[in-house]
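Welcome! Open your viewer, switch to a cartoon view, and get ready to select things one at a time as we walk along.

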Amino acid sequence: LALGGSAERSLNMAVLKLLSFLVVIVAILVGSLIAGVPTKMGVWRWVATNVETKLVGMAPAFMSAEHYEYSFEQLRRLDLTGQNAIVTGANVGLGYATSLHLARQGAHVILACRNKGKCANAAASIRANFTAAAVEALVLDTSSLKSVREFVAQVPLALVRLGGSLDMLVLNAGIGILPEAQISVDGIELMFATNHVGHQLLYSLLLPLMDSGGKAGVSRVALVSSVAHFDSYEYGVALSREQLNSAPVSAKGYGQSKLAQVLFAQEATERLGAGSKVCVNALHPGGVDTNIWRQLREMLGESVLGRLVWKAMELIRKDFMWRAEDGALTQLMLAADSAEVVRRGARGKYFHPQGVEHPPCAKNAANKTLQHAVWTFTEQLIAEGPQ
């Protein structure tokens, strides 16, 4: 059906008006979200409570302050004098905030970071913030088994300088979703190597320094996992190098590495036994505005759509996510507050902000066969070395 010039112009005008109307509606909706209207109405809290419980603590909007189960007031009452901690990925974000607060409460903190200069700068920044801070910077790249072993070789001397055994181990270092497949120097898919394998080796090598329970009588290990562990591959976690390295790049690969950490906490707890003086737990820090989002920016590229999505993400980051300091609170509880860990019987558990124990992915985390197999597979990768 052919339209005359006037009719065609009228149709075009109608389409433009409709598009303008839709743009306004979208702008109002986005503006309302960012302005916090649903938050003030309790919409997000209702969703997290009644629709999708794994969203509990995902962002401040998903829980009200009265539902926090741990606070900075409780943290500030702790005296960690004479206790020693290692925090991986300590130069930025959650790791830096964790290190700073541990130092403020009197702990001696070893900052373990991939970049020597950035690590030294982070230590200097903590000392500038808190002049009495006892912090030391050591190089550690968790994607490299050699780097992990070289780091551990330095730890006993560092602890001698700091005094005592190892009381707290915060396995925080990690990378986000990669834009393309990458393999570590040891021939292991990079996210899995960085987020999981290197940390399991680090834990295994440091365990003898924690067995005594340290000054508080119980040493604490906190694994920074993610709610992304609910969204791994159908098989949960790969159990062969070929399967691990051949999987297509996707968010599920990140979820796989984080599921491995949840299983790690459970398996380590079983292996330690009920009478152990070491408590190992995993946590999701929530959606936190940290440098990990830079990787998303690189993935989105410079297309018009990519830039628009990034602008939207910047708004969400600034107004909807936890600050790094707030996101660090749950791992601080699990690492620093030995009395709280003991009171809750926190061994092999999984937590969400703020200090809320949460059931992990029922499908995979409850699979004991997978749990045991992932630990064994990780040990195999470590024993095989570079491929």
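How many bridges join E2 to strand E3 (residues 134–139)? Select both strands and look: six bridges link E2 to E3, and the two run parallel. Keep in mind as you go that this is a predicted model.

**Stop 1: strand E2 and its neighbours**

Colour residues 108–113, which make up strand E2. To find one rung of the pairing with E3, show His108, whose bridge partner in E3 is Ala134. Now add strand E1, residues 84–88, which pairs with E2 in the parallel sense over five bridges. Here you can pick out Ala85, standing opposite Val109 in E2.

Next, turn on the side chains of E2. His108, Ile110 and Ala112 point one way, while Val109, Leu111 and Cys113 point the other way. Are these residues buried or exposed? Both groups are buried. Since six of the six residues of E2 are buried, the strand is largely enclosed by the rest of the structure.

**Stop 2: two helices that link the strands**

Select helix H5, residues 93–104: together with E1 and E2 it makes a right-handed β-α-β unit. Then select helix H6, residues 116–129, which makes a right-handed β-α-β unit with E2 and E3. Try tracing each path with your finger on the screen.

**Stop 3: a sulfur link**

Which residue does a disulfide join to Cys113? Show Cys119 as sticks: the disulfide joins Cys113 to Cys119, with 2.4 Å from S to S. A disulfide is a covalent bond between the sulfur atoms of two cysteines. The link between Cys113 and Cys119 is right-handed, with 60 degrees about the S-S bond. A search of the whole structure finds one disulfide, so there is no second one to hunt for.

Check how enclosed these two cysteines are. Cys113 has a relative accessible area of 0%, and Cys119 has 1%; values under 20% count as buried, so both residues qualify. While you have cysteines on display, visit Cys279, buried at 2%, and Cys361, which counts as buried at 7%.

**Stop 4: strands E4 and E5**

Go back to E1 and add strand E4, residues 168–171. Three bridges join E1 to E4, and they run parallel. Look for Ile86, whose bridge partner in E4 is Leu169. Leu169 also has a partner on another strand: in E5, its bridge partner is Val221. Strand E5 covers residues 219–224 and pairs with E4 in the parallel sense over four bridges. Between them, the chain crosses from E4 through H8 to E5, and this β-α-β crossover is right-handed.

Before leaving E4, show its side chains. Met168 and Val170 point one way, Leu169 and Leu171 the other way, and all are buried.

**Stop 5: helix H8**

Finish with helix H8, residues 190–206. At its start, zoom in on Glu189, where a side-chain oxygen reaches to within 3.1 Å of the backbone nitrogen of Met191.

Now turn the view so that H8 lies across the screen. Where is the kink in H8 centred? Look at Val197: the helix has a kink of about 30 degrees there. What span should the 17 residues of H8 have at 1.5 Å a residue? They should span 24 Å, and the end C-alpha atoms are 23 Å apart, which agrees.

Finally, bring back the rest of the chain around H8. Because 15 of its 17 residues are buried, H8 is largely enclosed by the rest of the structure.

Methods
Residues numbered from 1 in each chain as written. Predicted model: local features only at pLDDT ≥ 70, side-chain atom pairs only at ≥ 80, totals over all residues. Heavy atoms only, no water. Buried < 20%, exposed > 50% of the residue type's maximum accessible area, 1.4 Å probe, protein only. Pairing = 2+ DSSP bridges. Right-handed = clockwise from strand over helix to strand, strands pointing away. Expected span 1.5 Å × (residues − 1). Bend = angle between axes of the 7 residues up to and from the residue. Polar contact = N/O pair within 3.5 Å; in protein donor to acceptor, adjacent residues only side chain to side chain. Disulfide = S-S within 2.5 Å.
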